[in-house]
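Reader: Could you walk me through this one? I would like to take it a few residues at a time.

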Amino acid sequence: MKQWIIEGIRTGIKTTKYPKKEDTSPGISPGRPVLTEASKIDPSICPTSAIRKKGKKTEIDYSRCIHCYRCKDDRGGKLSWEMSYEWAYFTKKGQGPLKSSFQSSIHILVVDTGSCGACLSEVELLNNPYYNMHRLGFFVTPSPRKADILMVVGPVTHHMELALKKAFDAMPTPKRVMAVGTCAISGGIFTPSFITASSVSEIIPVDLEVPGDPPPPLAILYGLLILSGKMKPKRQ
Ligand code: SF4
């Protein structure tokens, strides 16, 4: 214990300054592809059909991108890369930001509906000293009765459908649902399949989606900040 206190005093505070200050530390985000007008890419390079033609235009569906890097310019593809993490967006059918009287104490119920563990481990990192989501008033709860936000990771396996519905129904209002990761948003590489639904929104209403496979902790934190109304969305 004494040793850790001395180490802490010696190294100082290492917690990220985000959201007060942008975090540009190396490895903080895997980044994602961006299309420019000059981008000429063959959509067949993409294993999940995230890159597709719409008329004469090409577009990227981030809800299907698995960050495989095949389209990246220095990996044989042709697309440049943006290193941001503020990707989360409100869904069209969702309720928008949470209006809670207890903004400094937002409780999150995390439900894994059949993930490979990647998104879940990024969520776990939010509790470590570097991201430390408690400083922003976010806490994980095991009880749906105490939860304000339902965070779902993984494609929804049929075995988890009823459990997910029950967890959602048990939450008091106001409540919000966020789907974290490509599999939760679109089923990712697991759909179509005989064991999963194609997204969380097929089972319960989703208010916010955080693309990424897996999304880095700061992308999830940004999602929490805008969903809880603590921060205004930077893009829609
Ligand atoms: S990173 Fe991979 S999955 Fe994402 S758009 Fe590029 S090729 Fe498709």
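Reader: Happy to start with Asp23: is Asp23 buried or exposed?
Author: Good place to begin, and keep in mind that this is a predicted model. The relative accessible area of Asp23 is 7%, and the cut-off for burial is under 20%. Asp23 is therefore buried.

Reader: Where is Asp23 found?
Author: Helix α1 covers 2-11 and strand β1 covers 32-34. Asp23 falls in the stretch that links them, which is the loop between α1 and β1.

Reader: Which side chain makes a polar contact with the side chain of Asp23?
Author: Setting aside residues up to four places away in sequence, Asp23 touches Thr16, Tyr18, Ile28, Tyr85, Tyr130 and Leu218. The polar contact of its side chain has a length of 2.5 Å, and the partner is the side chain of Ser25.

Reader: And how many Å separate the C-alpha atoms of Asp23 and Ser105?
Author: Along the chain, Asp23 and Ser105 are 82 residues apart. Between their C-alpha atoms, the separation is 24 Å.

Reader: Let's move on to Arg32. Is Arg32 buried or exposed?
Author: Arg32 lies in strand β1. Its relative accessibility is 6%, and anything under 20% counts as buried. So the word for Arg32 is buried.

Reader: Which side chain does a polar contact of 2.8 Å join to that of Arg32?
Author: Leaving out neighbours within four places in sequence, the residues in contact with Arg32 include Tyr62, His67, Trp81, Glu82 and Arg235. One of these contacts is also polar, joining side chain to side chain at 2.8 Å: the partner is Glu82.

Reader: Now the cysteines, please. Why is there no bond between the sulfurs of Cys119 and Cys183?
Author: Cys119 is buried, at 7% relative accessible area, and Cys71 is buried too, at 9%. For Cys119, the closest cysteine sulfur is in Cys183. A disulfide needs sulfur atoms within 2.5 Å, so this pair is too far for a bond, at 6.3 Å.

Reader: How many disulfides does the structure hold, then?
Author: The Cys119 sulfur is too far from its closest cysteine sulfur for a bond. For the structure as a whole, the number of disulfides is zero.

Reader: Last topic, the surface. Is Ile9 buried or exposed, and what is the area of the nonpolar patch it helps make?
Author: Ile9 is found in helix α1. Its relative accessible area is 68%, and the cut-off for exposed is over 50%, so Ile9 is exposed. Together with Met1 and Ile5, Ile9 makes a nonpolar surface patch of about 400 Å².

Conventions. Residues are numbered from 1 along each chain as its sequence is written. This is a predicted model: local features need pLDDT of at least 70, side-chain atom pairs count only at pLDDT 80 or more; totals for chains, interfaces and linings use all residues. Side-chain values use heavy atoms; hydrogens and water are left out. Helices (H or I, at least four residues) and strands (E, at least two) are DSSP runs, numbered from the N terminus. Buried means under 20% relative accessible area, exposed over 50%, partly exposed in between (1.4 Å probe, protein chains only). Contact means heavy atoms within 4.5 Å. A polar contact is a pair of N or O atoms within 3.5 Å; within protein, one must be able to donate a hydrogen and the other to accept it, and residues adjacent in sequence count only if both atoms are side-chain atoms. Patches are made of residues with over 30% relative accessible area and no salt bridge: like charges are joined within 9 Å, nonpolar side chains (Val, Leu, Ile, Met, Phe, Trp, Tyr) within 5 Å. Accessible areas come from the Shrake-Rupley method with a 1.4 Å probe; for residues, only the protein chains shown count as cover. A salt bridge is a side-chain nitrogen of Lys or Arg within 4 Å of a carboxyl oxygen of Asp or Glu.
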